[in-house]
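Q: Could you show me how to read a helix and a ligand site from coordinates alone?

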Amino acid sequence: MAIRQLPPNLVNRIAAGEVVERPASVVKELIENAIDAGSSRIDVLVSGGGLGLIRLTDDGVGMDRQDLSLAAERHATSKLSDDSLSAILTLGFRGEALPSIGAVARLSIRSRARGSASGYQITVEGGRKGEVKPAALSAGSSVEVRDLFYATPARLKFMKSERAESAAIADAVKRLALAKPEIGFSLAMGDRITLRLEPCAPGLVDHGLARLGRILGDEFVSDALPLRAERHGITVEGFCGLPTLNRPAASSQYLVVNGRPVRDKMLHGAVRAAYGDLVPHGRYPMLVLFVTLPPEEVDVNVHPAKTELRFRDAQTVRALIVGSLNEALSRAGHRATATLSEDALARLVQTRYQTGFGGPRPFDRSVSSPRVSGFSEDAQAPLPPLSAPSSTPQGTSDELSRAFPLGAALAQLDATFIIAETEDSLVIIDQHAAHERLVYERLKKAFANGGLARQILLIPEVVELDAEGAEHLVGAASELERLGLVLEGFGPSAILVREVPALLGQSDVKGLLRDLAEELAEGEGNLLLAERLDRTLSTMACHGSVRAGRKLSAVEMNALLRDMEETPFSGQCNHGRPTYVELKLTDIEKLFQRR
Ligand SMILES: Nc1ncnc2c1ncn2[C@@H]1O[C@H](COP(=O)(O)OP(=O)(O)OP(=O)(O)O)[C@@H](O)[C@H]1O
Ligand SMILES: [Mg+2]
């Protein structure tokens, strides 16, 4: 076949494939244009998940007649004053968004230039541009996109449900609204306003937190630490969440570079490095970081959707982020974890048993005097099932400490750690980490043996999430049902839970659902089913296990130790942290210089 030059219409549709992936990308491009036009109010209306109608109204500078006729031309932009790409301060610069949208939908733009007496209108339908006509509007611009992808039916087939597309649109609006606190935003879905954000006074750290709370939730407001640092003309400011405010997906980390919401591996890596082991493996702290630097220090022209970038001096940016995060976190006092002396810590050993402990040693019946111990007698609600009491070996502390690798429970410390004694050592067990592993292994086994037993909730529980989260859960409903979790959609953003895995007992259903929703969003399309199931089980285990802060009775503590001994991989919790540490008697003697 001979080479031919493609007609402009086809070229536009091909380019549109990159820029306009789904309705949310249209919303993003239109909001970016409104922001670039200096708007102080941006109102978005969508219906039919954005496939029916997207309408965006702004109060920006608008366009005059001539600009309007150029706006939807390919590679036509007002944002590059010279021919250089090295100092971009606007969100757009490629001159591609409007022609791309016009190539695959029915686009209509009405606009009135600031100071001008009249407004104009132009339409582009499936790539065919109409004439500029007069139009009545008070100020700014109003852009309407109808029947998105009608000109490219193949792409239409890839759209998800209306709910999923609406959720993605809401996310796009939130990310841009978060990046521009001084602009007022509203989002309406059909005839319902789902988000309304008033502009806030300049000064993010001083005035921005309340608005961030409206976007990220109240939890963030109460757990956010302000931070600000500057070096070599680079500023980092924002709020970082306490390490305990973590989520299973990096989408809870909002990064804004020169006013542009971005995803960037280096930035996420710097955050991970700063939090270090304060946050368990596989969890992501929530935070909002604004990085501001001279525009020539970043290249934003690396991705068609402009969501990725390259820093010229990545090292300095990284160091600044790590430094300011460390400083904020240590101010919050959350680094003071090492209470034991270095010397003692050095002697604490954790043996990683790969296949359990090899069963009990024989009882030594000769010693039987019971010892005093600091057990709590007031264990309240029943534990989520540890092993059945009948199978738990009973005996005096001495017998237990001789017979079993993890010995006999002596006391509970801070309602979080179990202190146990073996024949020749002191063992400290993290009750939550340990139990979580046990529940996880048990869930996996039950699942492998043909499914998880379910428990019907007497009163179905309604869990409020956001629309996107609810959508992900409903989409995975049949998968989750195999895991014992029976749920259904309940309105646009809530979930009704009817049954839960029996092994989990009446655990924190709300927290479980929220984590699962985020995990599903993160793993979308990237994870194999097996991996997804595994992760889901792990998340369930986390929510189904004994929390730190729960008082345990002697029987419960010993039952937990016996269970650990019989469970493979019980030396580590699902997040890779140790479940227990052991201090040998000989080492304790050395600490007191008896040896
Ligand atoms: N809401 C608006 N208000 C005022 N002018 C606008 C608006 N939307 C678009 N324009 C004008 O139309 C031009 C083309 O917009 P378009 O989005 O296609 O390209 P761009 O924003 O320049 O670059 P990019 O393709 O990266 O978004 C803009 O450069 C701007 O001058
Ligand atoms: Mg644009």
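The dialogue below takes up a helix and then a ligand site.

A: This is a predicted model, in which local features need pLDDT of at least 70 and side-chain atom pairs count only at pLDDT 80 or more, while totals for chains, interfaces and linings use all residues. Residues are numbered from 1 along each chain as its sequence is written, and side-chain values use heavy atoms, with hydrogens and water left out.

Q: Which residues of α1 are buried?

A: An α-helix has 3.6 residues a turn, so residues three or four places apart point the same way. In α1, the buried residues (under 20% relative accessible area, 1.4 Å probe, protein chains only) are N12, A15, A16 and V19. They cover an arc of only 110° around the axis, taken from the directions to the C-beta atoms, and therefore sit on the same side of α1.

Q: What do the buried residues of α1 pack against?

A: Their partners are α2 (23-36) and α4 (97-104), where contact means heavy atoms within 4.5 Å.

Q: Which polar contacts does ligand 1 make with N33 and E96?

A: A polar contact with the ligand is a pair of N or O atoms within 3.5 Å. A polar side-chain atom of N33 lies 2.8 Å from an oxygen atom of ligand 1, whereas for E96 a backbone N or O atom lies 2.7 Å from an oxygen atom of ligand 1. Taken alone, ligand 1 exposes 590 Å², and the protein buries 94% of that.

Q: Which element gives the largest share of the shell around ligand 1?

A: That element is α4, with three residues.

Conventions. Chains lettered and ligands numbered in written order. Buried < 20%, exposed > 50% of the residue type's maximum accessible area, 1.4 Å probe, protein only. Helix = DSSP H or I, 4+ residues; strand = E, 2+ residues; numbered from the N terminus. Polar contact = N/O pair within 3.5 Å; in protein donor to acceptor, adjacent residues only side chain to side chain. Areas by Shrake-Rupley, 256 points an atom, 1.4 Å probe, with all protein chains shown as cover.
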